[in-house]
Amino acid sequence: MEQVTWDTLAAARKVIAVHINYPSRAAQRGRTPAQPSYFLKPPSSLSLGSPDAPGTVERPAGCELLGYEGEIALVIGKAARRVGLEDAWSHVAAVTASNDLGVYDLRYADKGSNLRSKGGDGFTPVGPALIPADAVDPSKLRIRTWHNGDLVQDDTTEDLLFPFAQLVADLSQLLTLEEGDIILTGTPAGASVAVPGDVVEIEVTGGDFSTGHLTTKVTEGTTPFADFGAGPKTDDTQREEAYGSREAAGLAPAEPAAAASVLTPALKAKLESVATATLSSQLRKRGLNNVSIDGLQATRPDRKVVGLARTLRYVPNREDLFKTHGGGFNAQKKAIDSVNEGEILVMEARGEKGTGTVGDILALRAQVRGAAAIITDGGVRDFTAVADLEMPTYFANPHPAVLGRRHIPWDTDITIACGGATVQPGDIIVADADGILVIPPAIAEELVEDCITQEKEETFIFEMVRQGNSVDGLYPMNKEWQARYAEWLSLQATEGAHGD
């Protein structure tokens, strides 16, 4: 295999980076893009990785958040313009390891372009060796990152959101990818922050090939920013983004209740007034066909519940990890103890029915906190006591076993899957005896207004059928019936105005 050389870097006229491409990163960020999106890094950001000695990168003076991201870099071997998916990979000469470095302290200054935050000199180390693209399967590469010797990123390209061939083909539709150009293909979960003195190592492997370790040591810059341009500044939002979570950044847990402003009392009342069947049909009209949490039963089937989702994820039990994550104030207890008035705690238990995911004490704590409901696609312990609570719980089945039999409580307030539906923190949940629906907050107002209109129409249709009319032309209404419906609405409004 060849080593990455300065000639390789000198040939690069463009460095193109993908925002989100690994499912693990998408889950961490709480958003999954439908299509790839990109930003440019200047070729001057490239630096050469050496197999013999670590390179260095300077954290600019006054900056706090130098983020590292282990990535697989594609090196274009021949020009690509409007190529198809089947031909795209043949335009890649090699893959290598890269580190997409950036300072979150400057993200505000060039929002969207990442020029200041990601474009600094030395902010794109690559190397040390090139893996021939034609010698490996692009869907079977592995990337690992070590921070001060600890493995922090470990993922494969097997289930990328956007396979490498798609990136090449997609970019080539608009611009010519030239020989030597470099595409950074996204980073998996685990990217974080390095401080002066830290060492970051990245390796890409595929089959019998390895890039070797791309090693970068962080140094402290001493030259302050001039006052005629943007200077570094940061806040807790940027710290959370840089470290990957509030917990990793050493911050107090967020208060998702701030999102409650989305679910105003007026909107909540409207959602409570319409049937879940009507909501489901209007969601379907908008192309949302997989927004029901299925297969669960309720302790209070007579109740209708509307609230904002908080989320908790369990992973399959592994005894060594349960020792570190299962005891103490674990993710399950954190979720229960931070749920707020009117919120609904939704749990991802993978449909595993062989153990409980909540019992009487924790369910009672959620009720005392004001939770509107608990939803889990796993089991419930202490079923009789849980069922006696005023707060409804939706669950797969009762089960006496404790948590550690099948589950580890892992993390909270992330995108999860429950009962076959994707649920994000802040989604609106509507649950009753007919089912459980997940409503994207952005469409809730428009959705419920259309539901109210639909139910008025169905009230009219029901009355007409009761009077003996055929459903032919009435359900759905043809033009003649639509005209009669308009008259009926006008009459209803007049009677309402007179108090009749």
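**Close-ups of a predicted model**

**View 1. Strands 10 and 11 pair up as antiparallel neighbours.** Here we're looking at a predicted model, zoomed in on strand 10 (residues 142–147) and strand 11 (residues 150–156), which are held together by 6 bridges. To get your bearings, find Thr145 and then look across to strand 11, where its bridge partner is Gln153. The two strands make a hairpin, with 2 residues between them. Check the backbone at Asn148 while you're in the turn: its phi is positive, at about 50°.

**View 2. An open sheet is built from 7 strands.** Reading across the sheet, the strand order goes 2-1-12-6-7-9-3, and the pairing is mixed. Strand 2 (38–41) and strand 3 (46–48) sit at the edges with a single partner strand each, so each has one side without a neighbour in the sheet. Going from one strand to the next, the twist averages 35°. As a general reminder for reading a view like this, side chains in a regular strand alternate between the two faces of the sheet.

**View 3. At one edge of that sheet, strand 3 runs parallel to strand 9.** This is a closer look at how strand 3 is joined to strand 9 (residues 124–132): there are 3 bridges between them. A handy landmark is Ser47, which stands opposite Pro125 in strand 9.

**View 4. Helix 8 and helix 13 cross at roughly 120°.** The pair here is helix 8 (residues 276–285) and helix 13 (residues 444–466), and their axes come within 9 Å. Because of that crossing angle, helix 8 counts as oblique to helix 13. The crossing is right-handed. On the helix 8 side, the contact uses Thr278, Leu279, Ser281, Gln282, Leu283 and Lys285. Helix 13 answers with Leu447, Asp450, Cys451, Gln454, Glu455 and Glu458. Sort the contact residues by character and you get 4 nonpolar, 4 polar and 4 charged.

**View 5. Gln454 of helix 13 is picked out for a closer look.** Is Gln454 buried or exposed? With a relative accessible area of 11%, Gln454 falls under the 20% cut-off, so it counts as buried. Leaving aside residues up to four places away in sequence, Gln454 touches Thr278, Ser281, Gln282 and Lys285. Those four names should look familiar from the previous view, where they belong to the helix 8 side of the contact with helix 13.

Note on methods: Residues are numbered from 1 along each chain as its sequence is written. This is a predicted model: local features need pLDDT of at least 70, side-chain atom pairs count only at pLDDT 80 or more; totals for chains, interfaces and linings use all residues. Side-chain values use heavy atoms; hydrogens and water are left out. Two strands pair if DSSP finds at least two bridges between them. Axes are lines fitted to C-alpha atoms, for helices over the stretch in contact, and angles run from 0 to 180 degrees between N-to-C directions. Angles under 35 degrees count as roughly parallel, over 145 as roughly antiparallel, 65 to 115 as roughly perpendicular and the rest as oblique. A crossing is left-handed if the near helix is turned anticlockwise from the far one by less than a right angle, and right-handed if clockwise. Contact means heavy atoms within 4.5 Å. Ala, Val, Leu, Ile, Met, Phe, Trp, Tyr, Cys and Pro count as nonpolar, Asp, Glu, Lys and Arg as charged, and the others, Gly among them, as polar. Buried means under 20% relative accessible area, exposed over 50%, partly exposed in between (1.4 Å probe, protein chains only).
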